Amino acid sequence: MIEEPFASGNSIIHRIDPRFRVAVAILVSMEAALLKDFRAMAFALAGSLALVFLARLDLFHVLKRLFSLVRFLVFVWLLIPLTYEGQAVYLFGPLAWSREGFLLCAQISLKSLAILLFFMALVSTMGLSTLGKSLKALFVPGKLVHLLLMTYRYIFVIGQEYDRLETAIKIRGFSPTTTLHSYKTYAYLVAMLFVKASIRAERVHQAMILRGFRGRFYSLDTFTPSYRNWIFFIAMMGLFIGTLFLERGSVWPITIRF
Amino acid sequence: MHVSEGVLSAQMLAAGGVIAIAGTAVGLKKMNYERVAEVGILSSAFFVASLINVRIGVSSAHLILNGILGLMLGWAAFPAILVALILQAVFFQFGGLTVLGVNTVIMALPAVISYYLFSRMLFNAPRIAATAAALSGFLSVLFSGLLLGASLIFTEESFFEMVCLIVGANFPVMVIEGIVTAFSVMFIRKVRPEMLPGYVK
């Protein structure tokens, strides 16, 4: 059900300090989300593609993960030019496709693609426990990080519980239809999942107390300082400032217009 | 329900981020370390359950379940949903980093509202409790749709027609969420009532 095809690897990107990667990913995706100039968007997208290439991600998985985005974009391209007001470029009976609508679609496509590729190359290339530790280093509250790791840990367990329950209803001849009985069955399935989760939570909590839990997770991976991190950082700042330059025509003032 | 990357204006992204941080801060404050295991594992269950597809006529939709999560967790629904969204981003690339705040608000704010509106009625007579639960499921998805619509319309007024289409198309989902939430809550009330707020032994 759930896989992490990019988490382990030995590329240049995988070896960069995860804290640097998370911080830079936040910075460049925020910037990409605010762009309005097509050259700047193309530059950001090129940067994200270069990162995906450098991280040596498996192309098949990259495309598979872009599927839900592509489905959304198809919907956008079909709907927005028709409903968006602006100068009509094509008329068909009462329907009008607007030029501004098409431009907006292109903008959404470039930006969302760039942002998702940044995320894939920089954040999905680490395991969840490393992500948790990096977030903590970047001043995310410890309790939230703890919650993230806890949720991650139990998704797989609860996923197996779900599989078991699903097998049980299938073996009793259930096939989904649009009937009240069907929805009731799903409701009990969901409720049973929550009940099992709650019972498990109680046991887990007791086990944690028993082992002297005091609200801290001790992580075994360490961040090793290296000159590579700084080279990566400078390169990414180059991307950031280059994009800014294309967007605004100058790098000063650095304030991003709201 | 998700807003995708690259659509919203800077103001909307910033507003979503600020509200999400505030809500998460309140949620974290109300959730002491005693409850982290409970909230975390319920959040995993929410993540798994929201992958379930149900049939609607010839089409299908996945469950959202923010109403029932709100009833069980109250303000802790904010951090729980934020965490589930981070995991969805990591696993399925349903969204990236910049819409995390907005999407958290879209899902979690209705959950908290449903907690304040309906959590006191869950141990009343079965008929009242079931109605309250059904309304909580229905309205949570409706509010989520309206918040999503608002974020789009404040970005571009021209999105109005599209928003009407999206909210309208989600009406069957709201009805199904209402039915599923009602049956789920009544089941939990029988099997493990201490999971619901307002339970006295």
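**Notebook: helix α7 of chain B and its partners**

I began with confidence: chain A has a mean pLDDT (the predictor's confidence in each residue, from 0 to 100) of 87, and 96% of its residues reach 70 or more. This is a predicted model; local features need pLDDT of at least 70, side-chain atom pairs count only at 80 or more, and totals for chains, interfaces and linings use all residues. Residues are numbered from 1 along each chain as written, chains are lettered from A and ligands numbered from 1 in written order, and side-chain values use heavy atoms, without hydrogens or water.

I then looked up α6(B), residues 126-155, against α7(B), residues 160-169 (helices are DSSP runs of H or I, at least four residues, numbered from the N terminus). Their axes lie 9 Å apart at about 165°. Axes are lines fitted to C-alpha atoms over the stretch in contact, and angles run from 0 to 180 degrees between N-to-C directions. The pair is therefore roughly antiparallel (over 145 degrees). I noted the contact residues (heavy atoms within 4.5 Å): Gly145(B), Gly149(B), Leu152(B) and Ile153(B) meet Phe160(B), Val163(B), Ile166(B) and Val167(B).

Next I checked α4(A), residues 59-83, against α7(B). The angle is about 130°, and the axes are 9 Å apart. These helices are therefore oblique to each other, a class outside under 35, over 145 and 65 to 115 degrees. Phe75(A), Leu79(A), Ile80(A) and Thr83(A) touch Glu161(B), Met162(B), Leu165(B) and Ile166(B).

Note on methods. Helices (H or I, at least four residues) and strands (E, at least two) are DSSP runs, numbered from the N terminus.
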